[in-house]
Amino acid sequence: MRQPLARELHDLLERGRDRQLRLAVTGLSRSGKTAFLTSLVNQLRHAGLEARLDLLPAAREGRLLGARRVSQPDLSVPRFPYDGAMAALTTDPPHWPEPTRGISELRLSIRYRPAQRGWWHGDSAQLALDLFDYPGEWLLDLPLLATDYLAWSRAVMDSAGPERQALMAEWQAAAAKLDPAAEANEAELAEIAEHYAKALRAAREAGFADLQPGRFLLPGDLEGAPVLQFFPLPGLADDRERLDALPPDSVYATLAARFRHYQQRIVKPFYRDHFRRFDRQIVLVDVLGALNAGPERFEDLAQALATLMQSFDYGKRSLLSRLFAPRIDRLAIAATKADHVTPEQHPRLTALLEALLAEPLKDLRYADVPVKALSLASIRATEVREVTQAGVRSPALRGTTLDGERVLMFPGEVPNRLPDEAFWARQGFAFTAFRPPQTSGAALPHIRLDAALDWLLGDKLQ
Ligand SMILES: Nc1nc2c(ncn2[C@@H]2O[C@H](COP(=O)(O)OP(=O)(O)OP(=O)(O)O)[C@@H](O)[C@H]2O)c(=O)[nH]1
Ligand SMILES: [Mg+2]
């Protein structure tokens, strides 16, 4: 839905005056977006009270006065369910907020006292922070805008490793029988599309991340619509001219038309309404989850993130571009759920994240965009303890597993570079998931969320 012109103009002016910031919280499904947003709102609302934000100078210096949720720019989009998330985290026993099923928006008005007072503002100033949340599954649709049906079909087959191929076997067998030039049979296409959706769901269950199209996994209000009845065609030759000349009712032309419809009517509006005009970005990656899932998934994650990051617009801004075509001029990449490992492993976790994102990081360096890599826990679920075994002291974690069992454990070492085959053969990973911490409405415990906030908005709170 488009905003009224006056509102857009107002937003542009505020943005120009540095009083408004749009932050992209980017992450695949289960990477920790909702937890991050919930904790961000929670910390800023408790700023100046008991929130621990020592790494954010405005907070440390007592200049951060707090934050309020205010009326968001687009009233037709649901509001980010902060209260629901907090309710889940504060019940007994506490549980994690549900996976996100649709889009929601949030505008926070942050009040602070500028470090140096000028005649242009009084005692306090405000920064409007625009955020939004969405199901991670939908994010992988963005790269579809830069491709077409033929290229996509070929890429899906080429990029799949043996485990992934095995999950697609049933669909592949059914799709291989289709002749691209034959007349399309509706019922048959619907059935094969369902096989394809099933293969995607199985891949997600098995821990894969590179899953397109995202709405097949989470159709929202598109359940059963013909626009979701397409799939890549296996074995297509790279002969665009011949394929494009096939009659409109052929299998190939029908599937290609549905792909275009999906691209233009579903992905493009999603991109246009929500993924343009970001000033800053944080990319959240569940590195430990990918280690748990094994080598093929790890590569699949690197691949998914690299293609994904091509959908964003990076670069330094001039005053004009800042008003009319804002670009991401600063970026954080974060390994989430760092509370799953002991603190001395955190630098290794960050190094591994940088190795995983090596390709996109090269492009960002070229575009001269400052990037900070860190590991964080939006909501810290464990406490650090020390155990002594045979006279040797070592760190350990105390937490409650999702089944409610209290444990004291050393979760293991994180490799500080991309693990090679020998490494995978020698050791597997099993980082345990924990129940969220018991909190009673106070600020949520976290690890380095304040460092992330400082990097992303500290300069705007000067
Ligand atoms: N221990 C710990 N677990 C976390 C943390 N953040 C997220 N998790 C775990 O990761 C799961 C997924 O987090 P979400 O915030 O729901 O992830 P999301 O990116 O919003 O996922 P989608 O909504 O499915 O796209 C949670 O249910 C928790 O189990 C954290 O800081 N610490
Ligand atoms: Mg979510």
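Buried here means under 20% relative accessible area, exposed over 50%, and partly exposed anything in between. Keep that handy for the exercises below, and remember that this is a predicted model.

**Exercise 1. Work out how Arg280 and Asp459 are paired, and whether each is buried or exposed.**

Step 1: Start with the contact. Arg280 and Asp459 form a side-chain salt bridge, with N to O at 3.1 Å.

Step 2: Place the partners. Arg280 sits in strand S5 (residues 280-285) and Asp459 in the segment after helix H18 (449-457), so this bridge links parts that are 179 residues apart in sequence.

Step 3: Apply the cut-offs. Arg280 has a relative accessible area of 3%, so it is buried. Asp459, at 36%, comes out as partly exposed.

Step 4: Look for further partners. Shared salt bridges join Arg280, Asp459 and Asp329 into one network.

**Exercise 2. Find out which parts the salt bridge between Asp286 and Lys337 ties together.**

Step 1: Check the distance. The two side chains meet at 3.0 Å, N to O.

Step 2: Locate each end. Asp286 is in the loop between S5 and helix H12 (287-293), while Lys337 is in the loop between strand S6 (330-335) and helix H15 (346-356), so the pair connects parts 51 residues apart in sequence.

Step 3: Classify them. Asp286 is buried at 19%, whereas Lys337 is partly exposed at 25%.

**Exercise 3. Say where the magnesium ion (ligand 2) gets its protein donors.**

Step 1: List the atoms. Thr34 and Thr100 each offer OG1, at 2.0 Å.

Step 2: Map them. Thr34 belongs to helix H2 and Thr100 to the loop between H4 and S3, so the two tie together parts 66 residues apart in sequence.

Step 3: Check accessibility. Thr34 has 16% relative accessibility, so it counts as buried.

**Exercise 4. Track down the backbone oddities: which peptide bonds are cis, and which residues other than glycine have positive phi?**

Step 1: Go for the prolines. A cis bond joins Asp92 to Pro93, with omega about -5°, and another runs from Gln212 to Pro213, with omega near -5°.

Step 2: Place them. Pro93 is in the loop between helix H4 (82-90) and strand S3 (104-112); Pro213 is in the loop between helix H9 (186-205) and helix H10 (240-244).

Step 3: Turn to phi. Arg30 has a value near 65°, and Ala390 about 50°.

Step 4: Finish with Ala390. This residue lies in the loop between strands S8 (383-389) and S9 (392-400), and its 82% relative accessibility makes it exposed.

Definitions and conventions: Residues numbered from 1 in each chain as written. Chains lettered and ligands numbered in written order. Predicted model: local features only at pLDDT ≥ 70, side-chain atom pairs only at ≥ 80, totals over all residues. Heavy atoms only, no water. Helix = DSSP H or I, 4+ residues; strand = E, 2+ residues; numbered from the N terminus. Buried < 20%, exposed > 50% of the residue type's maximum accessible area, 1.4 Å probe, protein only. Donors = N, O, S within 2.8 Å, 3.2 Å for Na, K, Ca; no water. Salt bridge = Lys/Arg side-chain N within 4 Å of Asp/Glu carboxyl O.
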